[in-house]
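Q: I'd like a close look at one part of this model, with the rest brought in afterwards. Could you walk me through it in one connected answer?

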Amino acid sequence: MANSYDLKKALKDIEAPVIIFENVSKSYQKGTPAISNINLQIRKGEFVFIVGSSGSGKSTMIKLMLKEIEPTSGKVFVNYKDLSRLKNGQVAKYRRNIGVVFQNFRLLKDRNVFENVAFAQRVIGMPTSTIRRQVPAMLSVMGLSEKLDSLPSELSGGEQQRVALARALVNKPVILLADEPTGNLDPKNSWDIMQLLDEINKKGTTVIVVTHNQEIVNMMQKRVITMNNGILISDEQKGGYTHGT
Amino acid sequence: MGLNTFFYTLKQGIKNIRRNRMFSLASIGTITACLFMFGIFYFVVANFQYMIKTAETSVGVTVFFDAGISEDRINEIGDIIKERGEVAAVEYISAEETWENYKEKYLSKELADTFGDDNPLADSASFSVYLNDISMQGALVNYIKDIDGVRQVNHSNNVAESLESFNALVGYISGAIIIILLAVAVFLISTTVSMGISVRKEEIYIMKLIGATDYFIRAPFIVEGIIIGIVGALVPLIVLYFMYHKVISYITEKYINIFKAFEFLEIGEIFKNLAPIALLIGIGIGFFGSYITVRKHLKRY
Ligand SMILES: Nc1ncnc2c1ncn2[C@@H]1O[C@H](COP(=O)(O)OP(=O)(O)OP(=O)(O)O)[C@@H](O)[C@H]1O
Ligand SMILES: [Mg+2]
């Protein structure tokens with residue numbers, strides 16, 4: 001055990017990839033695979049866009065990284081862990097290092113904004129005093145200080161998006177997975193959210209963003225991975241939104 | 001579990017109950033009915049047991065001897081009887097004592113004086129034998145009858161024995177009814193909890209994806225079951241507590257002839273045992289009902 005710890009530390013020190021897809025394929029039912037033979041490495045501190053047409057397998061990749069689903073073949077490593085070898089009891093702990101914004105927000109409809117974000121901290125057993133301090137601070141960063149008591153149904157799409165982002169970030173994750181965080185936002189709101197993600201990335205969090213927003217991808221000049229029909233067709237540093245849609 | 005998590009879990013558990021009011025109430029009602037019956041039967045059984053115990057120490061077997069028996073033989077018989085395991089004590093009552101008792105109880109002074117120094121009960125020296133196990137009375141009587149020098153063995157008309165078999169009958173019937181009610185209670189709790197789970201499916205799924213442990217997710221539902229169990233135990237306990245006195249005085253008034261010989265247990269004496277037993281049963285079925293449901297419906301990952 002001491003050995004594996006040292007290995008992990010060594011891997012971190014040489015900035016080994018924090019996310020690795022090794023020949024990963026995923027078929028949901030019998031039929032065409034959602035993704036096939038994906039090979040991919042993402043280093044700690046990178047900012048990566050995943051783009052591609054609808055149904056090309058982007059969300060599938062996010063779900064694999066969260067161990068929400070298992071690959072049909074191949075291996076996924078995240079945060080220096082082989083996800084296929086995580087035991088039942090270790091999965092929860094693993095997920096605590098990953099912040100996630102779901103494609104459809106997945107806010108709790110019966111709880112207000114404060115509780116939706118606090119939820120992420122309660123789940124991991126944070127003391128109430130910490131929750132009372134950190135949740136309003138995070139919501140104020142998202143510009144939602146006025147909305148603490150609102151229910152999700154009383155918020156605009158952009159506001160809900162920001163609540164989801166606040167929930168993903170409040171525990172200061174090592175990796176942020178955001179599945180279309182600007183899905184139905186106007187350009188101004190989308191841009192604001194992207195600036196936020198960029199700031200978080202500059203503070204050290206590895207950020208992976210799935211998006212259809214061509215303009216933003218082109219403007220941000222980050223690494224862009226393009227999916228088409230479950231196949232990774234291009235992977236460019238400082239790329240643009242060239243394929244698909 | 002930290003204090004914060006504890007209170008959060010408690011709050012969620014109560015929230016589950018309130019959301020699912022109808023089924024929670026049905027579950028509480030069933031446990032209440034179950035434990036109420038249990039309490040009633042417990043009253044009966046505990047009091048009968050108490051009565052039997054009192055009967056055992058007061059009701060004895062009386063042994064009379066052949067006419068003209070020697071004192072040595074009487075002592076020998078006493079020793080033989082004492083050797084039996086079920087015998088608690090043997091008391092010798094001389095013919096003189098018996099006569100004195102008899103005179104005192106049944107004869108007026110004048111009438112008694114007419115006997116002078118004669119003892120009409122000259123052959124009525126006896127042993128009073130006390131048992132520590134009333135169910136052995138029949139066997140003991142048969143045994144003593146066969147001892148040389150024993151003329152007659154009297155024994156009480158088996159009140160204690162019939163009490164005991166009645167007690168056993170009450171025990172079996174109540175046991176059966178309580179087991180059926182317990183099964184219904186477990187079923188209702190299970191239904192209540194699984195409805196709660198299906199309402200919160202989305203929430204549970206999100207919790208898992210943001211790193212909640214299985215334990216954290218399951219705990220509120222277990223707490224829900226336990227709270228239902230505790231409430232279901234407290235309600236009948238409170239009702240029974242206030243009922244007990246009334247019931248006892250009602251029984252002693254109505255059936256005074258049967259029961260006047262017996263004392264009833266103090267209420268504190270009864271609740272000393274009944275309260276923890278009822279609470280344990282309530283908590284037990286609450287825990288069991290919710291635990292099996294949570295195991296069935298909340299798959300681990
Ligand atoms: N749970 C599922 N069961 C069966 N098939 C699924 C499931 N989830 C996704 N798929 C299929 O897998 C393929 C990839 O889906 P995925 O959600 O990864 O696409 P996507 O790139 O995220 O699309 P979008 O941009 O519309 O969100 C699609 O053909 C989809 O129909
Ligand atoms: Mg998707």
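Q: By class, how many nonpolar, polar and charged residues does the shell around ligand 1 have?

A: Happy to take you through it, with the reminder that this is a predicted model. By class, the shell around ligand 1 is made up of 10 polar, 2 nonpolar and 2 charged residues. In total, 14 residues surround the ligand, and the closest are A:Ser54, A:Gly55, A:Lys58, A:Ser59 and A:Thr60.

Let's look at some individual contacts. A:Ser54 places a polar side-chain atom 2.5 Å from an oxygen atom of ligand 1. For A:Thr60, an N or O atom in the side chain is likewise 2.5 Å from an oxygen atom of the ligand. A:Gln103 also takes part: one of its polar side-chain atoms lies 2.8 Å from a ligand oxygen atom. As for cover, ligand 1 has 630 Å² of accessible area on its own, and the protein covers 62% of that.

While you have chain A in view, turn to A:Lys26 as well. Its charged end sits over the ring of A:Tyr28, at 5.5 Å from the ring centre. Chain B has an arrangement of this kind too: the charged end of B:Arg84 sits over the ring of B:Tyr143, 4.3 Å from the centre.

From there we can move on to contacts between rings. Over all chains, a search of the whole structure finds 11 aromatic pairs. One of them joins B:Phe43 and B:Phe271, whose ring centres are 6.4 Å apart with the planes at 55°, so this pair is tilted. The two residues come from distant parts of the chain, 228 residues apart: B:Phe43 belongs to helix α2 (residues 21-58) of chain B, and B:Phe271 to helix α11 (residues 267-297) of chain B. Both B:Phe43 and B:Phe271 are buried. They also belong to one aromatic cluster, together with B:Tyr241, B:Phe242 and B:Tyr244.

A second pair is worth a look in the viewer. B:Phe65 and B:Phe127 meet edge-to-face, with 5.3 Å from centre to centre and 90° between the planes. Here the link runs between strands of chain B: B:Phe65 is in strand β1 (residues 61-65) and B:Phe127 in strand β3 (residues 126-131), with the two positions 62 residues apart in the numbering. B:Phe65 and B:Phe127 are both buried.

How values were computed: Residues are numbered from 1 along each chain as its sequence is written. Chains are lettered from A and ligands numbered from 1 in the order in which they are written. This is a predicted model: local features need pLDDT of at least 70, side-chain atom pairs count only at pLDDT 80 or more; totals for chains, interfaces and linings use all residues. Side-chain values use heavy atoms; hydrogens and water are left out. A residue is near a molecule or strand if one of its heavy atoms lies within 4 Å of it. A polar contact is a pair of N or O atoms within 3.5 Å; within protein, one must be able to donate a hydrogen and the other to accept it, and residues adjacent in sequence count only if both atoms are side-chain atoms. Accessible areas come from the Shrake-Rupley method with a 1.4 Å probe; for residues, only the protein chains shown count as cover. Ala, Val, Leu, Ile, Met, Phe, Trp, Tyr, Cys and Pro count as nonpolar, Asp, Glu, Lys and Arg as charged, and the others, Gly among them, as polar. Rings of Phe, Tyr and Trp (its six-membered ring) pair if their centres lie within 6.5 Å; planes under 30 degrees apart count as stacked, over 60 as edge-to-face and the rest as tilted. Helices (H or I, at least four residues) and strands (E, at least two) are DSSP runs, numbered from the N terminus. Buried means under 20% relative accessible area, exposed over 50%, partly exposed in between (1.4 Å probe, protein chains only). A charge sits over a ring if NZ of Lys or CZ of Arg is within 6 Å of the ring centre and within 35 degrees of the ring normal.
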